[in-house]
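Got the viewer open and a selection tool ready? Let's take a short walk, one selection at a time.

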Protein chains: 2
Amino acid sequence: MSELINILKANSKEGIEYLENLKKRAEGIENDVNIKVAEMLSEIREKGDSAVINFTRKFDCESLESLTVKREEIDKAYEEVDEEFIEALKTAKSNITEFHEKQKDKSWIMTKENGIVMGQTVRGLSRVGIYVPGGTAAYPSSVMMNALPAKVAGVEKIVMVTPPKKDGTISASILVAADIAGVDEIYKVGGAQAIGALAYGTETIEKVDKIVGPGNIFVALAKRSVFGLVDIDMIAGPSEILIVSDENGNEKFIAADLMSQAEHDKLASAILVTTSQELAVKVQKEIKRQVESLSRKEIIETSLKDFGVILVVDNMDEAIDLGNKIAPEHFELMVKDPFLYLGRIKNAGSIFLGSYSPEPLGDYMAGPNHVLPTSGSARFFSPLSVDDFIKKSSYIYYSEEGLYGVKDKIVKLADTEGLTAHANSIKVRYED
Amino acid sequence: MSELINILKANSKEGIEYLENLKKRAEGIENDVNIKVAEMLSEIREKGDSAVINFTRKFDCESLESLTVKREEIDKAYEEVDEEFIEALKTAKSNITEFHEKQKDKSWIMTKENGIVMGQTVRGLSRVGIYVPGGTAAYPSSVMMNALPAKVAGVEKIVMVTPPKKDGTISASILVAADIAGVDEIYKVGGAQAIGALAYGTETIEKVDKIVGPGNIFVALAKRSVFGLVDIDMIAGPSEILIVSDENGNEKFIAADLMSQAEHDKLASAILVTTSQELAVKVQKEIKRQVESLSRKEIIETSLKDFGVILVVDNMDEAIDLGNKIAPEHFELMVKDPFLYLGRIKNAGSIFLGSYSPEPLGDYMAGPNHVLPTSGSARFFSPLSVDDFIKKSSYIYYSEEGLYGVKDKIVKLADTEGLTAHANSIKVRYED
């Protein structure tokens, strides 16, 4: 029986090919979908609610009556979930809120003695839309991770959109999570039609300032199309985990963590980089053993085969460099003294240090956000945070004396740029 | 002779129509350009330097030999500008750097007694590309405003791209500003080809993590196309100024400031909102008088006619509300006690307080960035800042005891979401 995951020398021909192939995972935009999305958006812009309802009836629920989720539906959802689930969500909420509170930026001021005052103000956005995918899997944790930073940022109104099921309902776990997270309004609409409604506004759904949350290709392309008219969160691609371990790594833990990432979808990538050939072989065996008891075995096997790998390196320097090159969404460091390397990890969404900080701890409970830059974009994107739900304004107050001190320099620069009305605006103040 | 700018009651039919029309100013994307840009990008991706050089020879400079600007060209540029210009740039640099230093976020840590350590690290991006438009007008101030926040953020390498003139040179003022701002590499390439080179990398130009800077429609669409592969700055539309003034406003200053915005381009919008009909009429007259001496008279007259207006309101509450609704790039508050209203301005790129803080002060000299959210996007975008040139990673270190305390709750949430490999990753740690 063949192995579920390959072991390659990182600097071998095959190792290098693997890395090249990994980059291509995120490529390929569907032109047909783009055109379809453009048509849908323009229809929503023109016709508002009636277009949104028509699309929802066509794609999700033929018998849909109202887009708005009523309080009774949320109350009923609470009856459908158990106490243990609610308690778990509440603990998560408390941890997530505590961590995100520390991200809050303050407004500030600077002053100079000649009467100059400048600074920057920080405010929460007014209205934010959160997209929550429908389909078979419901992810209440994702509702929490998108809504709570907005709450902490002081967003006035948080609006959630999610496609209804065929029977017109929404998963109880999603409704309960939204309610606990403090979502203000919930609408039964998904796909590009939901993005259009949030961006343009309809009779029922007021337009928002920013749209966040993951979705399928229709949702992603619609978000990109409305960028500028509203703000959007980062573009999410297939996700990944990279585990760096030396000979001290526990093969059971590593195998389990690789598979927790691999089960997400067939494009997910799980990578172990290790200095120990012995550990590599042990992990390979553990995966084979553990996968048998997992419900998403088939997805795990496919993703490990296509995008999983164990790369053997000569030393920790090489391991860390490789990690920085891949810039993974999740970077687990399972070595004896993980803090020793923290300062050298340049590119990663979230860093998990030591043997008792597995990715699912971050996905559900620890506090940092689980919405992270994927597919190497940790080179330039950051985890979703309070920063994403605020806006800043700068302010300038100059005294007559303060402006006088720099007036000639401003005029010089304006004249160099050929902008004489700019120069005039300074000169006119000292004419008499 | 007709007036250059209309005076309307803000809540009249015409006042409301004006505001509706203003919104439409930013609309209209060229589909043909989109296709052309996609073709160019794919050619650059495939052929690298040779495609970039071909496009540059075709569009900008037939005789182009090398993409790279040499040190000698920068030295020569210093000889072409005068000392006064260099001094003005250096003062601007000092003020801009001082202001942006205050924006820097710190890495942080939080700890709990049961061995839990979490936090967030902050790092400058590795490589940033700055686009600087060519054409007749050269804007050295724009080079400073884009490069200096990157410098303050700790970006390792700042790369500038700008189209060469027909004779293969670049404006001396641009080269000097780039050098003073600390730009590391300069290339003679503009348009979509420059964006492609920065996003994909070529033999000469190494790929970057983020591209910032304004450009024409080709540049804007190319940036949008590569978003995700690299980060980009906000989408810029036509710009605007909104001045709020009561009867204390100085008509000369107000007229001059309105025109300093109007001279940018024909789509620029200059708006005065005032509680004083008397002031409105005086400003109207002042504009007519002052415009005669301005070199960009024709642009000013067109933009004032099409998108300029003086709106008369009943009181300051109405004025501030209108300002928040328009969410202007530049918000000047020329009233007796401007700080009284600072806390009520929710949507604005930069706020200019009092009679001696005209927009050109902020454009060139004060310190805050002049790259600001335009066309109402101050509802959700912020001024360009150090934030735009850093990335954050979160980190999590849990002890065995710490994880034990939350393990059942994580398993509960993972099971609810049907992710058994996530649950397994926790369980496997406490199996024996």
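Which residue in β5(A) does V128(A) stand opposite? Pick V128(A) and look across: the residue facing V128(A) is I158(A). Keep in mind as you go that this is a predicted model.

Now widen the selection to both strands. Strand β4 of chain A covers residues 127-131, and five bridges join β4(A) to β5(A), with the two running parallel. Next, colour β5(A), residues 157-162, by accessibility: five of its six residues are buried, so to speak a mostly covered strand.

Time to cross between chains. Select residues 350-353 of chain A, which form strand β13, along with residues 390-397 of chain B, which form strand β14. These two strands pair across the chains in the parallel sense, over four bridges. For one of the partnerships, click F352(A), whose bridge partner in β14(B) is I396(B).

Now show the whole interface. Here 124 residues of chain B are in contact with 124 residues of chain A. The two chains bury about 10,900 Å² between them, and 58% of that is on carbon and sulfur atoms.

Turn on side chains and hunt for charges. Between chain B and chain A the count is 14 salt bridges. To see one, zoom in on E431(B) and K252(A), whose side chains meet at 3.9 Å, N to O. Polar contacts link 67 residue pairs across this interface, counting pairs with both residues at pLDDT 80 or more. Last stop: colour the side of chain B that touches chain A by residue type, and you get 58 nonpolar, 32 polar and 34 charged residues.

Notes
Residues are numbered from 1 along each chain as its sequence is written. Chains are lettered from A and ligands numbered from 1 in the order in which they are written. This is a predicted model: local features need pLDDT of at least 70, side-chain atom pairs count only at pLDDT 80 or more; totals for chains, interfaces and linings use all residues. Side-chain values use heavy atoms; hydrogens and water are left out. Contact means heavy atoms within 4.5 Å. Buried area is the accessible area (1.4 Å probe) that two parts lose on being put together, summed over both. A salt bridge is a side-chain nitrogen of Lys or Arg within 4 Å of a carboxyl oxygen of Asp or Glu. A polar contact is a pair of N or O atoms within 3.5 Å; within protein, one must be able to donate a hydrogen and the other to accept it, and residues adjacent in sequence count only if both atoms are side-chain atoms. Ala, Val, Leu, Ile, Met, Phe, Trp, Tyr, Cys and Pro count as nonpolar, Asp, Glu, Lys and Arg as charged, and the others, Gly among them, as polar. Two strands pair if DSSP finds at least two bridges between them. Buried means under 20% relative accessible area, exposed over 50%, partly exposed in between (1.4 Å probe, protein chains only).
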